[in-house]
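Hi everyone, thanks for making time for this. I'd like to walk you through a structure that will be new to most of you, so let's get it up on the screen.

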Amino acid sequence: TERTLVLVKPDAVARGLTGEILARIERKGLRLVALELRHVSAEVAAEHYAEHVERPFYGSLIEFITSGPVVAAVLAGPRAVAAFRQLAGGTDPVAKAETGSIRGDFGLEVQENLVHGSDSVESAKREIDIWFPALG
Ligand code: ATP
């Protein structure tokens, strides 16, 4: 079994989509092993998005992810990383995400794209250490 780190981003929390997103995760068969509403510090935001520091949208992304509470979760299950990426849909909710995915069904903008999911098992380990260090 595999683990992945998921964030329900501030846009989705503010729009009241947390329950809808958690319901899709549960219906898929992924198991919640950690779940918490978090106010994101600038430090945690910078650690989480360290790989994007040189991107033109980095400043805006940090501002967005710290703009309101997120719901952070660790999911477990067979192929959990890919399974959640499938639920989320592609990064751009209109150009890439398919209808039926979280982003495809609820999103319009590439930055405010509702959810984050780790992109590999290695990223998941790194991100779980950042958000839920006690889980080891
Ligand atoms: P995530 O890592 O959050 O699941 P992702 O792997 O689909 O998203 P990345 O390319 O890693 O996408 O980008 C990280 C996040 O940065 C995106 O989810 C989105 O919120 C934001 N982002 C990506 N590209 C852009 C862009 N061109 N303009 C503004 N924000 C962007």
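Let's start at one spot and work outwards. Find A45, which sits in helix α3. Is A45 buried, exposed or partly exposed? A residue has to have 20 or more C-beta neighbours within 10 Å to be called buried, and 12 or fewer to be called exposed. A45 has 18 C-beta neighbours inside 10 Å, so A45 counts as partly exposed. Setting aside residues within four places in sequence, A45 is in contact with V40, I62, I65 and T66. Now look across to E2: the C-alpha atoms of A45 and E2 are 24 Å apart, with the two residues 43 places from each other along the chain.

Before I go on, a word on what we're looking at. This is a predicted model. The protein chain has a mean pLDDT of 98, with 100% of its residues at 70 or more. For the complex, the predictor gives an ipTM of 0.93 and a pTM of 0.97.

What does UniProt list for residues 1-136? The entry, which is unreviewed, has "domain: Nucleoside diphosphate kinase-like" there. In the model, that span is 41% helix and 19% strand, and the C-alpha atoms at the ends of residues 1-136 lie 15 Å apart.

Okay, on to strand β1, and to R3 in particular. R3 is in β1, which covers residues 2-8. You might expect an arginine to get its own comment here, so here is the count: R3 is buried, because 22 other C-beta atoms lie within 10 Å. Skipping residues up to four places away in sequence, R3 touches V33, V74, L75, A76, A80, A124 and I128. A50, on the other hand, is 47 residues along the chain from R3, and their C-alpha atoms are separated by 20 Å.

The rest of β1 is mostly covered too: 6 of its 7 residues are buried. Which strands does β1 run antiparallel to? One is β3, joined to β1 by 7 bridges. Another is β4, joined to β1 by 3 bridges. L7 is a good residue to click on, since L7 stands opposite A72 in β3 and has H116 as its bridge partner in β4.

That takes us to H116, in strand β4. UniProt, again in an unreviewed entry, places the feature "active site" at H116. H116 is buried, because 20 other C-beta atoms lie within 10 Å, and 20 is where the buried class begins. Leaving out neighbours within four places in sequence, H116 is in contact with V6, L7 and K9.

H116 is also one of the residues around the ligand. Which others are there? They are F57, L61, T91, V110, Q111, N113, G117 and D119. Sorted by class, this shell has 3 nonpolar, 5 polar and 1 charged residues.

UniProt has a "binding site" annotation as well, from the unreviewed entry, covering K9, F57, R85, T91, R103 and N113. Let me pick out two of those. F57 is in the loop between α3 (42-48) and α4 (58-65). F57 is exposed, because just 12 other C-beta atoms lie within 10 Å. R85 is in helix α5, and R85 counts as partly exposed because 18 other C-beta atoms lie within 10 Å.

Last stop: two residues with backbone angles to look at. R79 has a positive phi of about 50° although R79 is not a glycine. You'll find R79 in the loop between β3 (70-77) and α5 (80-88). With 14 other C-beta atoms within 10 Å, R79 is partly exposed. L114 also has a positive phi, of about 75°, and L114 is not a glycine either. L114 lies in the loop between α6 (102-106) and β4 (115-117). Is L114 buried or exposed? L114 counts as buried, because it has 26 C-beta neighbours inside 10 Å.

If you take one residue away with you, make it H116: the UniProt "active site", in strand β4, and part of the set around the ligand. Thanks, and I'm happy to take questions.

Notes
Residues are numbered from 1 along each chain as its sequence is written. This is a predicted model: local features need pLDDT of at least 70, side-chain atom pairs count only at pLDDT 80 or more; totals for chains, interfaces and linings use all residues. UniProt positions are given in the numbering used here, feature names are shortened, and annotations may be inferred rather than shown by experiment. Helices (H or I, at least four residues) and strands (E, at least two) are DSSP runs, numbered from the N terminus. Two residues are in contact if their C-beta atoms, placed from the backbone, lie within 7 Å. Two strands pair if DSSP finds at least two bridges between them. A residue is near a molecule or strand if its C-beta atom, placed from the backbone, lies within 6 Å of it. Ala, Val, Leu, Ile, Met, Phe, Trp, Tyr, Cys and Pro count as nonpolar, Asp, Glu, Lys and Arg as charged, and the others, Gly among them, as polar. pLDDT is the predictor's confidence in each residue, from 0 to 100.
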